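Trainee: Please give me a close look at one part of this model, its interior. Take me through the packing step by step.

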Amino acid sequence: MKQAPMWLEGMTFADESHGALAIVEDKIAARAEAAPSDCLPIDASGWVCLPPLSEGHCHLDKTFLGAPWQPHIRQNDVLGRIGMEKQIRANLDVPVSVRGAALIEREIAFGTGLMRTHVDIDPDWGLENLHAVLELRQRYSDRITIEIVAFPQSGILRAPGTKDLLTAALSQGADLIGGLDPMAIDGDRAAHLDIIFSLASHFDVGIDIHLHETGPLGVKTISAICERALAHGRPSHIAISHGFALSELNEPEFEIIAARLSNAGVAIISSAPPRLMPPLDQLAERGVCVALGSDNICDAWSPFGNGDMLERAAIAARQQCWATDSGLAFALSLATDRTAAVLGETRPPLVAGAPADFVLIKAPCAQAALANPPSERMVFRGGRQIAGPRLGCLTGSH
């Protein structure tokens with residue numbers, strides 16, 4: 001059914017300006033003061049208009065949302081968590097198609113329009129998780145854009161057969177190749193990166209490597225990734241997720257590594273963990289592309305998380321003491337345009353001719369929406385409202 005043209009008026013934009021938008025079909029027709037005669041007037045006063053939120057790192061195949069509560073089991077290292085998670089997920093009766101859908105629908109309701117999910121690929125799971133997430137991507141394609149990373153959660157070298165499975169995953173629809181702690185998990189940095197960069201070059205896809213390695217070990221891996229990026233002609237969209245070692249550097253070391261990341265075009269994606277969070281603002285000041293994601297959302301790795309990228313940005317702001325208006329604006333950019341750019345999506349401003357994709361949030365200004373994320377949100381994609389309470393029509397004012 002074709003939607004009537006709309007005139008959303010009285011709202012505040014992220015830059016603190018006030019105004020209105022005319023929406024005709026799937027585009028913004030105008031951003032002005034006077035309503036076109038053929039537009040249905042809608043009162044949006046008291047709402048902030050933001051671009052769609054962006055989820056830079058999640059795991060649709062891991063979440064327990066939509067399944068019975070699973071008590072958290074602590075593990076002391078990454079390998080222990082990998083083994084524990086496999087055991088729990090193998091005994092779950094609720095499939096990825098249901099659990100992943102629950103997380104997607106929650107993120108859509110919060111305002112997420114772009115998501116990157118990592119999907120476990122290894123000899124135990126095969127391509128089962130990938131096929132489930134590919135189906136979810138198709139099912140929700142009219143409401144959210146989903147990128148899929150073929151992720152070797154069990155390692156590559158230590159899990160024989162994984163390289164062939166990663167090759168198959170990229171052939172069957174995965175968008176990027178992932179990696180995991182080349183030394184701490186596989187014990188061979190060069191061989192691990194050889195495989196990842198070779199697959200990226202062969203399939204002409206991006207790279208997103210989980211890197212939990214800390215101290216000098218992590219720094220060496222970051223440097224090696226930068227060297228590979230330059231040697232391979234800087235293939236598009238290379239990112240390091242987590243990059244914990246970046247939080248431990250002294251000032252001279254930080255300047256050296258930040259310059260390497262910037263020169264190589266390697267982005268850093270953080271989930272704002274309680275410790276070892278890289279200083280994203282300082283990296284951005286030095287030309288490094290930075291992004292934010294939820295990572296684990298109610299799964300075997302963490303019982304916390306809800307998929308709200310505004311809340312995740314608020315957590316990052318508290319962690320890094322970004323309390324000024326400019327600091328909050330930077331945090332907000334991590335939940336929107338900066339993360340979208342790292343995921344390869346350049347968003348046009350909300351002006352005439354742009355896609356009518358945006359989120360209305362009940363708040364006096366963007367900084368207030370970030371500092372205390374409200375639950376009241378209205379989500380629009382292609383000019384169609386896809387989540388949130390319906391706006392009421394103005395009467396007698398036009």
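Mentor: Start with the labels: helices and strands are DSSP runs, at least four residues for a helix and at least two for a strand, numbered from the N terminus. Keep in mind that this is a predicted model.

Now go to strand S1, which covers residues 6-13 and holds Met6. Is Met6 buried or exposed? Its relative accessibility is 9%. Buried means under 20%. Met6 therefore counts as buried.

What surrounds Met6? Set aside the neighbours within four places in sequence. Met6 then contacts Leu21, Ala22 and Ile23. It also contacts Cys39 and Leu40. Phe380 and Gly383 complete the list. Asp38 gives you a distance to check: its C-alpha atom is 8.4 Å from that of Met6, with the two positions 32 residues apart along the chain.

Next, the cores. In soluble globular proteins, nonpolar side chains tend to be buried together. Here the largest nonpolar core has 106 residues. Leu261 and Leu283 have the most contacts inside this core. Which helix gives the most to it? Helix H9, residues 309-320, does, with seven residues.

Look at Leu261 itself. Leave out residues up to four places away in sequence. Leu261 then touches Ile222, Cys226, Ile240 and Leu246. It also touches Val266, Ile268, Leu283 and Val288. Notice Leu283 there: it is in contact with Leu261, and both are named for the most contacts inside the core. There is also a second, separate core of 18 residues. Among its members are Met11, Ile23, Trp47 and Leu350. You have met Ile23 already, as a contact of Met6.

Back to H9, and its partner H10, residues 325-335. Their axes come within 9 Å and cross at roughly 140°. Over 145 degrees would count as roughly antiparallel. H9 and H10 are therefore oblique to each other. The crossing of H9 past H10 is right-handed. From H9, the contact uses Met309, Leu310, Ala313 and Ala317. From H10, it uses Leu328, Ala331, Leu332 and Ala335. How do these residues divide? Eight are nonpolar, none is polar and none is charged.

Leu328 leads to another residue. Gln367 sits in helix H12, residues 366-371. Gln367 touches Leu328, along with Glu16 and Asp325, not counting residues up to four places away in sequence. Its relative accessibility is 12%, so Gln367 counts as buried.

Now set that beside H2 and H3. H2 spans residues 96-110 and H3 spans residues 128-139. Their axes come within 9 Å and cross at roughly 45°. That makes H2 oblique to H3. H2 passes H3 in a right-handed crossing. On the H2 side, the contact residues are Val96, Ser97, Gly100, Ala101 and Ile104. They meet Asn129, Ala132, Val133, Leu136 and Arg139 of H3. This contact is a mixture: six nonpolar, three polar and one charged.

A third helix pair is H5 with H6, residues 215-231. They pack at an angle of about 35°, with axes 11 Å apart. Again H5 passes H6 in a right-handed crossing. H5 brings Arg189, Ala190, Leu193, Asp194 and Phe197. H6 brings Leu217, Lys220, Thr221, Ala224, Ile225, Arg228 and Ala229. Seven of these residues are nonpolar, one is polar and four are charged.

Stay with H5 for Ile195, which lies in this helix. Ile195 has a relative accessible area of 12%, so it is buried. Its contacts are Ile156, Leu157 and Lys163, leaving aside neighbours within four places in sequence. Its C-alpha atom is 9.8 Å from that of Ile177, 18 residues away along the chain.

Step out of H5 to finish. The loop between H5 and strand S10 holds Asp204. Is Asp204 buried or exposed? At 66% relative accessibility, Asp204 counts as exposed. Check its backbone too. Most residues other than glycine have a negative phi. Asp204 is not a glycine, yet its phi is positive, about 55°. Glu25 also has a positive phi, near 55°. It lies in the loop between strands S2 and S3. With a relative accessible area of 48%, Glu25 is partly exposed.

Key:
Residues are numbered from 1 along each chain as its sequence is written. This is a predicted model: local features need pLDDT of at least 70, side-chain atom pairs count only at pLDDT 80 or more; totals for chains, interfaces and linings use all residues. Side-chain values use heavy atoms; hydrogens and water are left out. Axes are lines fitted to C-alpha atoms, for helices over the stretch in contact, and angles run from 0 to 180 degrees between N-to-C directions. Angles under 35 degrees count as roughly parallel, over 145 as roughly antiparallel, 65 to 115 as roughly perpendicular and the rest as oblique. A crossing is left-handed if the near helix is turned anticlockwise from the far one by less than a right angle, and right-handed if clockwise. Contact means heavy atoms within 4.5 Å. Ala, Val, Leu, Ile, Met, Phe, Trp, Tyr, Cys and Pro count as nonpolar, Asp, Glu, Lys and Arg as charged, and the others, Gly among them, as polar. A nonpolar core is a set of buried Ala, Val, Leu, Ile, Met, Phe, Trp, Tyr and Cys residues joined through side-chain atoms within 4.5 Å. Buried means under 20% relative accessible area, exposed over 50%, partly exposed in between (1.4 Å probe, protein chains only).
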